[in-house]
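Trainee: I am new to this structure and would like a close look at a single part of it. Could you choose one residue, explain how its surroundings are described, and then lead me outward from there?

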Amino acid sequence: MGKISAWERFSAVFPRLADGVRNTGRRPVVHTGRSSFAVTAPPIERPRVPEPTSGPLIVQSDKTLLLEIDHEAAADCRRAIAPFAELERAPEHVHTYRLTPLGLWNARAAGHDAEQVVDVLLRYSRYPVPHALLVDVAETMGRYGRLTLAKHPVHGLVLTTTDRAVLEEVLRSKKMAPLVGQRVDADSVAVHPSERGQIKQVLLKLGWPAEDLAGYVDGEAHPIELAEDGWHLRPYQKEAVEGFWHGGSGVVVLPCGAGKTLVGAAAMATAKATTLILVTNTVSARQWKAELIKRTSLTEDEIGEYSGTRKEIRPVTIATYQVVTTRRKGVYPHLELFDSRDWGLIVYDEVHLLPAPIFRFTADLQARRRLGLTATLVREDGREGDVFSLIGPKRYDAPWKEIENQGYIAPADCVEVRVTLTDAERLAYATAEPEERYRFCATTATKTRVTRELVEQHTGEQTLVIGQYIDQLDELGETLNAPVIKGETRNTERERLFEAFRQGEISVLVVSKVANFSIDLPEAAVAIQVSGSFGSRQEEAQRLGRVLRPKADGRAARFYSVVARDTIDQEFAAHRQRFLAEQGYAYRIVDADDLRG
Amino acid sequence: MVGSGPTVSGMTTSTQRSAGGPAGVPDGAGVPRTLAEDLRSRTDAELAALLRARPDLTTPVPVDLTQLATRATTRASVARVLERLDRFTLQVVDAAVVLPEGFSYARLRELIGDDVPQLPGAVRALRERALLWGPDDGLHVVRTVRDLAGATPAGLGPALAVALAGTGPARLQDVLAGLGLPPTADAVGAIAALADLFGDHKALAALLEGAPPAAVEVLDKLVWGPPTGIVRGADRPVRADEANTPVEWLLARALLVPAGPQTVVLPREVGLTLRGGRVHRDLEPEPPALGIVERDAQIVDAAAAGAGFTAVRRIEDLLELWSLGGPAVLRAGGLGVRDLKRVAAQLDVTEAEAALWLELAYAAGLVAGDGEADERWLPTPAYDTWRGRPVAERWSVLAGVWLETTRVPGLVGTRDDKDRPVNAFGPGVDRTTAPEVRHALLGRLAGLPAGTAAPAADLLADLAWHRPVRTARLRSELVDRTLVEAELIGVTGRGALASAGRALLTGELARAADLLTPLLPTPLDHVLLQADLTAVAPGPLVLELAQELHLAADIESTGGATVYRFSESSVRRALDSGRTAADLHRLFTTHSRTPVPQPLTYLVDDVARRHGRLRVGAASAYLRCDDEAVLNELLADRRAHGLRMRRLAPTVLAAEGAPDAVLSTLRSLGYAPMAESSTGDVVVTRPDALRTPPRSLPPRVTGEPPAPGATLIDAAVTAIRAGDRAATSRQRGTGDDEAPGELPRTSAAETLLALQAAQADRRAVWIGYVTREGRATQRIIVPLGLEGGYVTAQEHTAGELHTYPLHRITGVAPVEVAEPADS
């Protein structure tokens with residue numbers, strides 16, 4: 001396996017897909033902007049009469065689409081439906097996509113129309129598609145773009161409609177009243193330029209999402225070039241940047257380890273303007289900085305860090321969510337950051353974690369280009385609509401498995417290790433208070449023992465042990481004789497340990513949830529999670545991402561979850577297990593006893 | 001009651017059975033004088049056509065033609081047949097009613113217009129339905145039709161002679177003078193003279209020609225009806241030479257006639273002349289054109305098949321859910337609003353659609369109340385029969401029921417006349433016109449080439465033309481709903497009638513199913529198992545596999561495919577109902593197209609490992625477990641204290657309380673206990689699907705008797721003929737033997753029989769009666785009681801009750817009641 005290049009492996013698995021990528025004529029999955037040349041939606045054909053039991057797609061009445069991936073037309077179908085359907089689950093045989101209003105509007109924003117969507121559904125569907133569903137698709141898609149926000153020489157910003165009744169309907173809403181000014185004519189109304197974000201939010205909630213054609217300010221120019229010395233942007237990264245740039249603003253969805261930082265850097269190089277980058281924490285900020293210095297023409301002096309410790313504002317400034325959302329006496333003292341320069345581009349790292357106040361600030365930044373980067377659009381607080389209206393529609397999306405198949409991220413072998421608690425532990429578990437039960441079963445001594453055995457099995461491989469509870473981590477650190485990184489660990493110490501881990505000086509590292517986000521540990525080959533925030537899928541995605549960076553020897557990564565049998569731990573694990581299986585990862589369950597044997 | 005000459009009214013009295021209308025008219029002798037005679041002269045085929053067009057006449061089958069004629073002229077029956085006429089035929093009826101009795105076909109044609117090729121057809125239809133009878137030069141409209149048409153048919157006022165009936169002679173002479181006619185001796189002569197003048201179309205036209213423009217304006221207001229206007233002092237005497245206003249000018253010439261102190265009326269002759277000799281301004285001999293949309297017939301069939309498949313699926317999903325316990329029956333009958341909402345959520349459809357599936361299942365007899373004290377809606381045994389049949393047949397059953405049911409699902413969720421909510425399954429969802437509207441609409445679509453759709457508005461207009469009286473209310477709503485429902489059920493696809501729907505309309509359910517079958521996905525015997533613990537059935541499954549999977553997994557998504565999800569509880573359910581882990585593994589390996597994923601195998605083994613580890617008995621409820629630690633755990637668990645368990649042995653606990661409660665508490669604590677019988681056997685508790693006792697179909701609420709079949713009609717015609725022959729010959733017999741007015745004489749036995757019959761029918765009879773003084777008399781009595789040699793009867797003339805000794809009654813004869821004209 002190790003000797004075969006990623007490309008050969010990919011070509012072997014997906015010959016047709018590989019052709020498409022190589023010739024760059026057809027792209028595997030493409031999201032493009034509205035501009036005429038980049039639209040690669042499937043050509044319009046007369047809908048063929050569907051023959052029963054032929055197509056790879058089954059349209060369910062709950063608006064899910066089941067794609068049988070072993071079908072010969074599955075690859076074509078996947079490409080055709082990707083622009084408008086959200087991939088929900090991608091286990092080994094049948095992938096589930098879902099038609100949602102947001103997904104359909106994303107497609108509209110990318111230049112697809114309802115007829116194309118209906119055509120695709122009819123063309124690939126195995127069974128007759130319910131008429132009501134087709135009507136619903138057309139109706140939903142027809143809602144996008146009835147209202148547009150555009151520049152106006154006199155009024156600055158106007159909301160214009162192609163359907164007067166819709167305008168009347170939305171104007172009757174109480175929420176709209178403070179956002180709009182005087183009526184320009186029967187079909188348009190002036191909008192206070194400062195409310196460009198809010199009005200988009202409100203309109204989305206009213207079910208009439210507005211298309212924002214008001215354009216962007218260029219911002220203060222600043223020369224930025226990619227320094228492609230010895231490396232190149234991967235094809236999908238290029239496509240992502242293209243998709244974003246032509247769309248103006250929006251979100252790029254790429255799996256962990258697929259090089260989202262580079263997409264950000266390439267976007268900056270395209271914008272060639274001052275850039276504000278918002279990231280989750282200080283470590284992540286430092287890594288962005290290091291990466292930008294390495295991959296672009298930017299020098300250390302041009303990049304500022306705006307965090308709890310430093311407050312530098314430079315042509316490229318990296319700020320943490322935490323510092324931006326700090327509140328003192330009811331005001332946000334660091335809001336000046338947004339106005340301190342004429343930013344040409346704002347990059348949001350890990351959009352799915354964006355704290356609520358950031359949305360509010362973002363609403364005021366609608367004239368700036370905004371790039372959101374994330375591994376998943378699923379937000380556990382359900383504010384996907386705000387991401388859509390304030391940062392922008394999804395501009396690019398590639399499923400994990402596909403990028404893995406292309407060899408850019410490492411394949412992973414996920415193993416759930418079931419640990420049988422000792423009798424004494426079970427007794428203690430049964431008598432524990434309900435709120436303590438998870439903590440108890442997640443941190444039992446038996447788990448520590450099994451974890452040690454696992455680490456021993458993988459001696460010589462870079463191993464991360466990830467957990468939730470500090471005392472458990474401390475205990476593990478002691479047992480494994482490995483350093484522990486947790487919330488109270490200083491940043492300098494953290495970076496020292498990470499560097500040592502990167503260099504192979506340390507082979508085992510115990511980390512708390514502080515390491516969940518945006519740390520870059522290229523050579524972690526094995527991850528062992530011993531406890532987590534209950535059944536969080538998002539956390540699972542992040543942790544899996546730790547081991548997905550491609551290994552130098554092309555080996556598959558190992559991802560262990562140690563789970564206490566017959567306890568609530570097992571229930572939470574089932575959630576995570578389902579998530580992994582839905583992402584298409586091979587998943588096994590073994591008993592800890594078998595592991596030893 | 002205008003007109004003279006023979007009318008059908010002679011038949012509306014109640015004594016035809018023996019006495020009949022005009023006695024002594026031989027069959028087929030010349031021109032029929034009554035409807036009965038007209039009917040008698042018709043062929044059997046014509047009579048059959050009448051009965052077919054008016055099925056209400058066959059229930060019960062009339063005894064003879066006279067009775068048939070009577071029944072055919074009752075108000076209810078005539079109203080019913082008028083409801084079924086199209087707009088043009090009704091226009092012809094209007095025109096016929098305007099004319100006096102005994103009018104000619106030529107006159108009718110004048111009123112309708114010369115160049116209307118549809119007229120003969122309409123007249124034929126009216127004749128066939130016995131609304132119009134008589135030869136072409138002496139046509140009669142059934143009296144009831146005239147009554148129903150009202151005083152102002154087609155917006156025309158009364159004939160001049162009628163309008164002037166109450167006018168004083170002096171006034172009439174003034175009018176004559178005003179019109180330049182010579183005075184007459186009396187009022188009758190004056191009216192006749194005026195009627196003559198007005199009957200002359202040309203003379204009247206000339207008179208109107210000379211009217212001043214202001215008077216023409218007044219007439220224009222009345223000409224298209226209503227023909228009455230309000231004028232102050234309408235009945236004041238006006239002379240032509242004193243007329244000052246336009247109204248006075250008209251009144252003086254009887255072009256307007258006072259109908260009261262404040263009202264004037266436009267005489268019919270004037271109205272007709274002003275209308276140019278026609279009755280209708282806009283004649284509609286043809287239904288309005290349909291704006292049709294051509295679609296690919298194959299796509300139509302495919303779309304309909306998809307909808308049909310979904311329809312069957314939805315009802316099945318719903319009733320499977322209810323098999324485990326249906327919702328409560330409301331006290332007033334029906335299904336609660338909340339339950340409807342729940343069904344909508346469970347099926348993931350709108351409430352309106354949910355109501356359709358519910359009502360359809362109900363109308364098909366698949367669901368009914370279980371009749372228990374705490375009544376619930378449950379699937380019926382018929383559901384099991386239905387479920388066992390192929391999808392296409394199941395569909396044809398549903399679609400057939402939908403077509404004929406009087407239930408209108410669209411009414412569910414609306415409010416009735418008393419502002420009460422209309423509930424599914426409840427009363428108030430029935431509309432007698434619904435099946436007719438469905439047939440009419442779909443029949444119209446069936447008349448178009450395959451794959452042709454038409455807009456709802458056009459279909460509505462078309463329906464309104466074909467049945468203007470019937471279905472006027474509710475119609476627009478019903479049409480819209482019918483089209484939506486037809487689409488959902490899959491009778492139509494993309495608005496056009498599918499071929500299966502076409503077969504359905506002609507009543508060929510089996511053929512409809514055959515046509516549908518090739519379009520439906522074929523049942524599969526395999527699924528795709530996946531590591532995320534789902535099984536995807538990429539199409540409908542064979543029943544057996546579907547049932548097994550249903551037991552071992554939960555359904556997550558339905559549609560063309562079904563997504564099943566395995567979980568600890570679903571696997572436990574399968575184990576609880578007697579499956580073993582090995583059974584499940586075998587199920588997976590035999591039916592999976594893909595390798596069985598390791599997590600699924602592990603899940604089954606893991607649940608099986610724990611399944612039944614705890615066993616609970618019913619003696620006083622005990623728990624035993626080979627694993628002492630489990631029992632320690634349980635005993636120590638504070639949450640289990642409610643069970644008050646104590647240790648019986650190292651591996652056995654006893655608990656107070658019912659085993660059920662123990663089981664559920666243990667399960668809630670996360671164990672997988674198993675019930676044990678008193679002999680130590682494992683008790684298998686698979687929840688049996690609940691069913692009602694056998695149920696018949698809900699009654700169709702309909703105002704219509706069922707349409708009689710050809711056999712019935714033939715039999716009816718034969719019976720009527722036979723009865724008629726018997727009746728007419730008897731009449732002749734009595735008429736010849738006995739001079740009218742003579743004392744009837746019959747034997748004692750005949751007398752008794754005749755009286756009994758008369759008593760049963762509450763019919764008046766003549767009797768010859770010898771008074772106490774020995775005087776022979778005749779009386780008409782209605783016998784009320786007959787016992788002990790005495791007849792208690794109402795005397796016809798005095799209206800008093802009398803008792804007559806039987807031995808003094810010399811004879812009985814039927815009473816002949818006839819119109820003076822006939823006798």
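Mentor: Let us begin with A:A90, which is buried because 23 other C-beta atoms lie within 10 Å, where 20 or more are needed for a residue to be called buried. Please keep in mind that this is a predicted model, and that the values I give you are computed from it. In chain A, A:A90 is found in the loop that runs between strand 3 (86-89) and strand 4 (94-98). Its surroundings include a residue from far along the chain, for although A:A90 and A:Q583 are 493 residues apart in sequence, their C-alpha atoms are separated by 4.9 Å.

From this buried residue we can turn to the nonpolar cores. The largest nonpolar core has 131 residues, and those with the most contacts inside it are A:V252, A:A267 and A:V547. The largest share of this core comes from helix 10 (residues 260-271) of chain A, which supplies eight residues. If you look at A:V252 and set aside residues up to four places away in sequence, you will find that it touches A:A240, A:F244, A:V263, A:L371, A:G372, A:L373, A:R395 and A:Y396. There is also a second, separate core of 81 residues, and among its members are B:V329, B:V367, B:L442 and B:L504.

Next comes the place where the chains meet, with 35 residues of chain A in contact with 38 residues of chain B. On the chain A side, at least two residues each are supplied by strand 1 (57-59), strand 2 (64-68), helix 17 (423-431), helix 23 (568-582) and strand 23 (586-591). Helix 17 of chain A gives the largest share of that side, five residues. Sorted by class, the side of chain A that touches chain B has 17 nonpolar, eight polar and 10 charged residues.

Finally, in chain B, the axes of helix 28 (residues 581-591) and helix 29 (residues 598-610) come within 10 Å and cross at roughly 165°. That angle makes helix 28 of chain B roughly antiparallel to helix 29 of chain B, since angles over 145 degrees are counted in this way. The crossing of these two helices of chain B is right-handed. Where they meet, helix 28 of chain B brings B:A581, B:L584, B:H585 and B:F588, while helix 29 of chain B brings B:L600, B:T601, B:V604, B:D605 and B:A608. By class, this contact between helix 28 and helix 29 of chain B has six nonpolar, two polar and one charged residues.

Definitions and conventions:
Residues numbered from 1 in each chain as written. Chains lettered and ligands numbered in written order. Predicted model: local features only at pLDDT ≥ 70, side-chain atom pairs only at ≥ 80, totals over all residues. Core = buried A, V, L, I, M, F, W, Y, C linked by C-beta atoms within 7 Å. Buried ≥ 20, exposed ≤ 12 C-beta atoms within 10 Å, placed from the backbone. Helix = DSSP H or I, 4+ residues; strand = E, 2+ residues; numbered from the N terminus. Contact = placed C-beta atoms within 7 Å. Nonpolar A, V, L, I, M, F, W, Y, C, P; charged D, E, K, R; others polar. Axes fitted to C-alpha atoms, helices over the stretch in contact; angles between N-to-C directions. Parallel < 35°, antiparallel > 145°, perpendicular 65-115°, else oblique. Left-handed = near helix turned anticlockwise from the far one by under 90°.
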